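Here is a short set of exercises to work through with the structure open beside you. Try each task before reading its solution.

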Amino acid sequence: MDTRDYIRDVLKESGHKYTNQRVEIYNVFLNNPGKHLSTEDVYAEILKTHPEIGIATVYRTLMLFEQLDILYKISFDDGVIRYEIKSQDSSHRHHHLICLNCSKVIEVKLDLLDDLEDKIENSENFKITDHNLKLYGN
């Protein structure tokens, strides 16, 4: 699905306006795959091509995209809130390895928690909708 179509459909289904600013902010994530971007990172990228978009618009759009499940809001326990694009073909977030020496963040594609989730759901009568795993080391 085309980016504009995807954003338009999600916004329309949730009763929000479709704007070029929102598309451009989403494109920042598409153009920076695998990166975990802070609001300031997104704003710095937007300024390069769309200086008319203000940081308040970026803040509001990122919060909206997180509410609409377009982006994930993540923290690596360093006081900075970051966002990453949600994969349209996955119901779970991916996991992260965080180096305590250099602060590098590595995405882990392997997810072996499905069996554990099934067992927890069955034994606790609880529906798990997502999980977030961060592993620290060096």
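**Exercise 1: a hairpin and its sheet**

Asp77 takes a positive phi near 60 degrees in the hairpin of β2 and β3, which has 5 residues between the strands. Helices (H or I, at least four residues) and strands (E, at least two) are DSSP runs, numbered from the N terminus. Before going on, note that this is a predicted model: local features need pLDDT of at least 70, side-chain atom pairs count only at pLDDT 80 or more, and totals for chains, interfaces and linings use all residues. Residues are numbered from 1 along each chain as its sequence is written, and side-chain values use heavy atoms, with hydrogens and water left out.

Task: work out in which order the 3 strands of the open sheet lie.

Solution.
- Step 1. Begin with the hairpin: strand β2 (residues 71-75) and β3 run antiparallel and are joined by 5 bridges. Two strands pair if DSSP finds at least two bridges between them. Ser75 stands opposite Ile81 in β3.
- Step 2. Look for another partner of β3 (residues 81-85): strand β1 (residues 37-38) pairs with β3 in the antiparallel sense over 2 bridges. Leu37 stands opposite Tyr83, and Ser38 has Arg82 as its bridge partner in β3.
- Step 3. Put the pairs together: the order is β1-β3-β2, with antiparallel pairing. β1 and β2 are the edge strands, each pairing on one side only.
- Step 4. Add the helix: α2 packs on the sheet and touches β1, β2 and β3, and its direction makes about 85 degrees with that of β3. Contact here means heavy atoms within 4.5 Å.

**Exercise 2: two helix packings**

Task: decide how α2 is oriented to α3, and how α3 is oriented to α4.

Solution.
- Step 1. Fix the convention: axes are lines fitted to C-alpha atoms, for helices over the stretch in contact, and angles run from 0 to 180 degrees between N-to-C directions. Angles under 35 degrees count as roughly parallel, over 145 as roughly antiparallel, 65 to 115 as roughly perpendicular and the rest as oblique.
- Step 2. Take α2 and α3: their axes are 10 Å apart, and the helices pack at an angle of about 110 degrees. α2 is therefore roughly perpendicular to α3. Glu24, Ile25, Val28 and Phe29 of α2 make the contact with Val42, Glu45 and Ile46 of α3.
- Step 3. Sort that contact by class: it has 5 nonpolar, no polar and 2 charged residues. Ala, Val, Leu, Ile, Met, Phe, Trp, Tyr, Cys and Pro count as nonpolar, Asp, Glu, Lys and Arg as charged, and the others, Gly among them, as polar.
- Step 4. Now take helix α3 (residues 39-49) and helix α4 (residues 55-67): their axes come within 10 Å and cross at roughly 125 degrees, so α3 and α4 are oblique to each other.
- Step 5. List the residues that meet: Thr39, Glu40, Val42 and Tyr43 in α3, and Ile55, Val58, Tyr59 and Leu62 in α4. By class, this contact has 6 nonpolar, 1 polar and 1 charged residues.

**Exercise 3: buried or exposed?**

Task: find out whether Thr61 is buried or exposed, then place Asn20.

Solution.
- Step 1. Set the cut-offs: buried means under 20% relative accessible area, exposed over 50%, and partly exposed in between (1.4 Å probe, protein chains only).
- Step 2. Thr61 is in helix α4. Its relative accessibility is 4%, so Thr61 counts as buried. Beyond its neighbours within four places in sequence, Thr61 is in contact with Arg22 and Ile25.
- Step 3. Asn20 belongs to helix α2 (residues 20-30). Asn20 is partly exposed because its relative accessible area is 48%.
- Step 4. Widen the view: of the 138 residues of the chain, 33% count as buried.

**Exercise 4: positive phi in the loops**

Task: say where Asp69 and Asn125 lie, and describe their exposure.

Solution.
- Step 1. Recall the background: most residues other than glycine have a negative phi.
- Step 2. Asp69 has a positive phi, near 65 degrees. Asp69 lies in the loop between α4 and β2 and, at 40% relative accessibility, counts as partly exposed.
- Step 3. Asn125 also has a positive phi, near 50 degrees. Asn125 is in the loop between α5 (114-124) and β6 (134-137), and with a relative accessible area of 73% it is exposed.
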